[in-house]
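Colleague: Before I use these labels, I would like to see each one set against its definition.

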Amino acid sequence: MPESVPPWPARDALRITAVRPIVTAPEGLPLVVVKVETSEPGLHGLGCATFTQRYAAVAAAVTEHVGPLAVGRHPADIEDITRTVHFSSYWRNGPVLNNALSGLDQALWDIAGKRAGLPVHELLGGRVRGGVEVYTHASGADTAEVLDEAERLIALGYRCIRLQRAEPGLGSYGAPGTGGHYPDSPNPDGWDPERYLRGTPSLFAAARERLGTGVNLMHDVHSRLTPKQAVVLARALEPYGLSFLEDPIPSELYDRLPEIRAASPVPLAVGEQVGSVADAARLIRDGGVDLIRLHTSAVGGLTPTRKLAALAELCGVRTAFHSPADVSPVGVAANLAVDISSHAFGYQESHEYDEATHEVFPGCPDVVKGYMYPSDRPGWGVDVDEVEAAKYPPTKFLFDRWAAVVRRPDGSLEAP
């Protein structure tokens, strides 16, 4: 047993025997899950540690630093083990270290559920709602394409849809751009925030006219505006009753969120780029957000996320957890466990995984008529087929270079 373990009373012989990362990319996006094995044959847990743009760094942190601190420990001591790992680096936090920690943390919760014979959400207090309503994304090259896609999704049962329309240049978030750009050749088709501010309200005017008021609409700025521009956009969108405006400013300016929120008639959903529990708590506590949009593995896993959800409930803030294609099905299961058991729940982002991902991750959660439901099987109810996972190796440097294509007409680099 590691020397760092306190001299606690004797207990059963169950111990962690191995902690290892599994990296796979069945849809092209690198997903990282951590597998924790124990001395009991067949008893293992899985946790999401997906930081797509730095997946190799996360995997190395798990192998070289996180795993050795956990091997030999009893898997029930989740709080003490994760706190030990968190403090062990001395310089702590950030998405690499917290995703590595999350993989371990979520895997230990998976083991706890399996040992108890219960799904994780029952360990958190059980259901407070029948299902988790999700939102999805409708995008297109022009307004007609966006709204055609929205109508297709409504027919499938979705009532919450984020609309993203292409803008000239490659700066359009969540929709195809209409032009290219190169750093050494200024291009009038680059992403122009002024043009974006003038044009975006027309998308939502058309959406309300065609879709009516029975659907909840959202929009993601993806951190590309100044604080003043964010207020201008929020006020321009007021007539169209958005459920939220997502990530209006860069994370470096989050201290300005309270003033933006005070001036905005549209709820603000922010937080997917937060890399520490303390920073997330400040967003909730200090009035910066209406909805906290955690990438839950980036703050360290289920243990801190459930505490932040409790804080959100006390502060009148709702959750809207980040969960696109670069969250693994294990991470989706962790999101659902909090969503289904927390009164702070607001919205849940969703992604419909392809057939290959379902083969890699048996038990992968699905959307059913706009809702998702946590598994009733012990733990997460999601496993990994390592033979299938090995068929989809990640491509290095593919998703950590996409940011460089987002440039303004003068050639300057813009936030991705």
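Colleague: Why is D77 called buried?

Modeller: The model is predicted, so local features need pLDDT of at least 70, side-chain atom pairs count only at pLDDT 80 or more, and totals for chains, interfaces and linings use all residues. Residues are numbered from 1 along each chain as its sequence is written, and side-chain values use heavy atoms, with hydrogens and water left out. Buried means under 20% relative accessible area, exposed over 50%, and partly exposed in between (1.4 Å probe, protein chains only). D77 has a relative accessible area of 13%, so the residue is buried.

Colleague: What makes R11 and D77 a salt bridge?

Modeller: The term requires a side-chain nitrogen of Lys or Arg within 4 Å of a carboxyl oxygen of Asp or Glu. Between R11 and D77 the N to O distance is 2.8 Å, so the pair meets the definition. The two residues lie in distant parts of the chain, 66 residues apart: R11 in the segment before β1, D77 in the loop between α1 and α2 (78–88). Helices (H or I, at least four residues) and strands (E, at least two) are DSSP runs, numbered from the N terminus. By the salt-bridge rule the count comes to 27.

Colleague: Why is R11 called partly exposed?

Modeller: Its relative accessible area is 38%, which falls between the two cut-offs, so R11 is partly exposed.

Colleague: How do you know that K35 forms a salt bridge with E386?

Modeller: Their closest N and O atoms are 3.0 Å apart, so the pair satisfies the distance limit. This bridge also links distant parts of the chain, from K35 in strand β2 to E386 in helix α13 (residues 386–389), 351 residues apart. K35 counts as buried because its relative accessibility is 11%, whereas E386, at 29%, counts as partly exposed.

Colleague: What makes β1 and β3 edge strands?

Modeller: The open sheet has three strands in the order β1-β2-β3, with antiparallel pairing. Strands β1 (16–24) and β3 (44–48) each pair on one side only. Two strands pair if DSSP finds at least two bridges between them. Strand β2 (residues 31–38) and β3 have five bridges, so they count as paired. Within this pairing, V34 stands opposite G47 in β3.

Colleague: Why are E259 and R256 listed as a salt bridge?

Modeller: Their side chains meet at 2.8 Å, N to O, so the rule is met. E259, at 45% relative accessibility, counts as partly exposed, and R256, at 31%, is also partly exposed.
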